[in-house]
Amino acid sequence: SFDSYTFEHSVNVCIISIIIGIALDLNMLRLRDLGAGALLHDIGKLRIPEEILKKPFRLTVEEFEEVKKHTIYAYEILKSNKSFGNIASYIALEHHERCDGSGYPYQLKRNSIHLYSRIVAVADVFNALTSDRVYRKKMDKQNAFKYIISLGNHHLDKEVTDVFVKYMDIYPIGIAGEN
């Protein structure tokens, strides 16, 4: 219950990740692991000062370096709790890694990043883009889809991105035409 954005973001990332996992034919046990990791991927933000997380302006280099530590903090929190298993901790650790090695915390490349982390990365980027933040307004879904597609195969995993685009509707039922 850190804040409403983090809660809603975590739930949305979990739902999107599970949709992608179903489309990739993951079995129920694997979907459970994926869902747990997706839901808890940002738990490390509990250790980041609130004034940094809610800062309405561009972060300083030092502040951004502190925010980037949330992946390591999340890994530590989940690894120390035997209820979640290894997969959730690796998802939390790797969800900001990018296929071209430009991510963090370890600049891992494509196949060195767990598939579930690559799934959560796509869901995380999409939900972050389509949500209002204290420092910027949300992007409309159509432009967010275009942006996700543009990131496929260098920042984000191409196969996961393709599945996301195929199974996520730009205009879900009930919001057709809304941004």
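Tutor: Let's start with one definition: a residue counts as buried when its relative accessible area is under 20%. Keep in mind, too, that this is a predicted model.

Student: Thanks! Is His-9 buried or exposed?

Tutor: His-9 sits in helix H1, which spans residues 4-23. Its relative accessible area is 3%. The cut-off is under 20%, so His-9 is buried.

Student: Leaving aside its neighbours within four places in sequence, which residues is His-9 in contact with?

Tutor: Happy to list them. Once the neighbours within four places in sequence are set aside, what remains for His-9 is contact with His-41, Asp-42, Asp-124, Asn-127 and Ala-128.

Student: How do the axes of H1 and H9 lie, parallel or perpendicular?

Tutor: Two packed helices are described by the angle between their axes and the distance between the axes. For H1 and helix H9 (residues 158-167), the axes come within 9 Å and cross at roughly 100 degrees. Angles of 65 to 115 degrees count as roughly perpendicular, so H1 and H9 are roughly perpendicular.

Student: How many residues of the contact of H1 with H9 are nonpolar?

Tutor: H1 brings Ile-16, Ile-19, Ile-20 and Ala-23 to this contact, while H9 brings Val-160, Val-163, Phe-164 and Tyr-167. No polar and no charged residues appear in the contact, and the nonpolar ones number eight.

Student: Moving on, is H5 roughly parallel or antiparallel to H6?

Tutor: The axes of helix H5 (residues 70-80) and H6 come within 7 Å and cross at roughly 170 degrees. An angle over 145 degrees counts as roughly antiparallel. H5 is therefore, with respect to H6, roughly antiparallel.

Student: And how many residues of the contact of H5 with H6 are charged?

Tutor: On the H5 side we have Thr-71, Ile-72, Ala-74, Tyr-75, Leu-78 and Lys-79, and on the H6 side Asn-86, Ala-88, Ser-89, Tyr-90, Ala-92 and Leu-93. Eight of these are nonpolar and three are polar, and the number charged is one.

Student: Which aromatic pair geometry do Phe-126 and Phe-145 form?

Tutor: A search of the whole structure turns up five aromatic pairs. In the pair of Phe-126 and Phe-145, the rings are 5.2 Å centre to centre, with 70 degrees between the planes. Planes over 60 degrees apart fall in one class, so this pair is edge-to-face.

Student: How many residues apart in sequence are the parts that this pair of Phe-126 and Phe-145 ties together?

Tutor: Phe-126 belongs to helix H7 (residues 115-129), and Phe-145 to helix H8 (residues 141-151). Phe-126 is buried at 6% relative accessible area, and Phe-145 is buried at 4%. Because the two rings sit in separate helices, the pair ties together parts whose separation in sequence is 19 residues.

Student: Which residues do ring pairs link into a cluster?

Tutor: The pair we just discussed, Phe-126 with Phe-145, is edge-to-face. Ring pairs build a cluster whose members are Phe-126, Phe-145 and Phe-164.

Student: One last stop: against which helices do the buried residues of H4 pack?

Tutor: Helix H4 (residues 61-68) has the buried residues Glu-63, Glu-66, Val-67 and Lys-68. Glu-63, with a relative accessible area of 19%, is buried; not counting residues up to four places away in sequence, Glu-63 touches Ile-52, Lys-55 and Arg-58. The helices that the buried residues of H4 pack against are H3 (50-53) and H5.

Terms used. Residues are numbered from 1 along each chain as its sequence is written. This is a predicted model: local features need pLDDT of at least 70, side-chain atom pairs count only at pLDDT 80 or more; totals for chains, interfaces and linings use all residues. Side-chain values use heavy atoms; hydrogens and water are left out. Rings of Phe, Tyr and Trp (its six-membered ring) pair if their centres lie within 6.5 Å; planes under 30 degrees apart count as stacked, over 60 as edge-to-face and the rest as tilted. Helices (H or I, at least four residues) and strands (E, at least two) are DSSP runs, numbered from the N terminus. Buried means under 20% relative accessible area, exposed over 50%, partly exposed in between (1.4 Å probe, protein chains only). Contact means heavy atoms within 4.5 Å. Axes are lines fitted to C-alpha atoms, for helices over the stretch in contact, and angles run from 0 to 180 degrees between N-to-C directions. Angles under 35 degrees count as roughly parallel, over 145 as roughly antiparallel, 65 to 115 as roughly perpendicular and the rest as oblique. Ala, Val, Leu, Ile, Met, Phe, Trp, Tyr, Cys and Pro count as nonpolar, Asp, Glu, Lys and Arg as charged, and the others, Gly among them, as polar.
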